[in-house]
Amino acid sequence: MIQIDALPAFSDNYIWLVQDTAKRRCAVVDPGDAGPVERWLAANPGWALSDILITHHHDDHVGGVARLKQLTGARVCGPANEQIPCRDLALDEGAEVEVLGVVFQVLAVPGHTLGHIAFFSDQPATPLLFSGDTLFAAGCGRMFEGTPEQMQPALARLAALPAHTQVYCAHEYTLANLRFAKAVEPDNPHVQQRFDEVTRLRADQRITLPSTIGLERLTNPFLRTSETLVKQKADEWKGHSNATHVSVFAALRSWKDTF
């Protein structure tokens, strides 16, 4: 059995701490800052950091890697097609990596960055996904390097994972994303219900993650490009008809960029 907790970093990042409580070994995902991980290890003597998983090269995801590697010697596993500090294992589409006894499949999900990967495992009782900055709760990442033709299929691929898959993304953006989702689908009761729940959580400074793939299918406009009303809103925004899922996605992303 593994346990997953969030270590907050910066203003809205989460470093995911994956723990094998029986063996007192742990791994972290996207440590943009070494400090939260160092403090956790100091407060939990006897634990060993065995692995560092990286989804993409942005500094708020890799800034703490070199320090943690120096301190612990942990294995650094990251995307093969990006510059990752201290990387020991280069991973690309179709690879598998075992971490704390759990085998993760590596999924190439370009768009936010060109070499972005995600880690998915269906070995635990509940499948889990570390999606980095590709899929957010009720949203998706900006396309800093990739294209809609890359990112929309990547998101659709994640949306096709089992509905009960737990989604661990890297930022606390849920409330802002749901404000946009309400603009896209003002009459979607699932969006409104989730907005109300997340509003309460954030009012108490509580985390809104993990999400699930099933919940994302119901409330995330970027996964709902086949919905007639979503397409209509995208068409209104662009002022013309968007004939494909990719063009609907591109319209939504451009709208969100200025929302």
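# A side-chain tour, starting at Gln 19

Select Gln 19 first: leaving aside residues up to four places away in sequence, Gln 19 touches Met 1, Ile 2, Gln 3, Ile 4, Asp 5, Arg 25, Cys 26, Trp 40, Trp 47 and Leu 100 (contact means heavy atoms within 4.5 Å). Before moving on, know that this is a predicted model, where local features need pLDDT of at least 70, side-chain atom pairs count only at pLDDT 80 or more, and totals for chains, interfaces and linings use all residues. Residues are numbered from 1 along each chain as its sequence is written, and side-chain values use heavy atoms, with hydrogens and water left out.

Stay on Gln 19 for a moment. You'll find Gln 19 in strand E2 (residues 13-20); helices (H or I, at least four residues) and strands (E, at least two) are DSSP runs, numbered from the N terminus. Gln 19 is buried, at a relative accessible area of 4% (buried is under 20% relative accessible area, exposed over 50%, partly exposed in between, with a 1.4 Å probe and protein chains only). Now show Asp 5: its side chain makes a polar contact with the side chain of Gln 19 at 2.8 Å. A polar contact here is a pair of N or O atoms within 3.5 Å; within protein, one must be able to donate a hydrogen and the other to accept it, and residues adjacent in sequence count only if both atoms are side-chain atoms.

**Next, the rings**

Rings of Phe, Tyr and Trp (its six-membered ring) pair if their centres lie within 6.5 Å; planes under 30 degrees apart are stacked, over 60 edge-to-face, and the rest tilted. That rule gives 11 aromatic pairs. Pick Tyr 14 and Trp 16: the ring centres are 5.7 Å apart and the planes sit at 45°, so this pair is tilted. Tyr 14 is buried at 8% relative accessibility, and Trp 16 is buried too, at 3%.

Then go to Trp 40 and Trp 47, where the centres are 5.2 Å apart and the planes at 80°, so call this one edge-to-face. Both of these Trp residues are buried, and both are on the list of residues that Gln 19 touches.

For a group view, select Phe 180, Phe 222, Trp 237, Phe 249, Trp 255 and Phe 259, which form one aromatic cluster. After that, try Lys 182, which lies over the face of Phe 195 at 4.1 Å from the ring centre (the rule: NZ of Lys or CZ of Arg within 6 Å of the ring centre and within 35 degrees of the ring normal).

**Last, the charges**

There are 11 salt bridges, each a side-chain nitrogen of Lys or Arg within 4 Å of a carboxyl oxygen of Asp or Glu. Select Lys 69 and Asp 88, bridged at 2.7 Å, N to O. Lys 69 is in helix H3 (residues 65-72) and Asp 88 in the loop between strand E5 (75-79) and strand E6 (89-91), 19 residues apart.

Now select Asp 257 and Arg 142, whose salt bridge is 3.4 Å, N to O. This pair links helix H9 (residues 245-257), home of Asp 257, to the loop between strand E12 (139-140) and helix H4 (148-159), where Arg 142 sits, 115 residues apart. Asp 257 is partly exposed at 33%, as is Arg 142 at 40%. Add Arg 253 to your selection: Arg 142, Arg 253 and Asp 257 are linked in a network of salt bridges.

Final stop: Arg 202 and Glu 172, with their closest N and O atoms 3.9 Å apart in a salt bridge. Arg 202 is partly exposed at 25%, whereas Glu 172 is buried at 12%.
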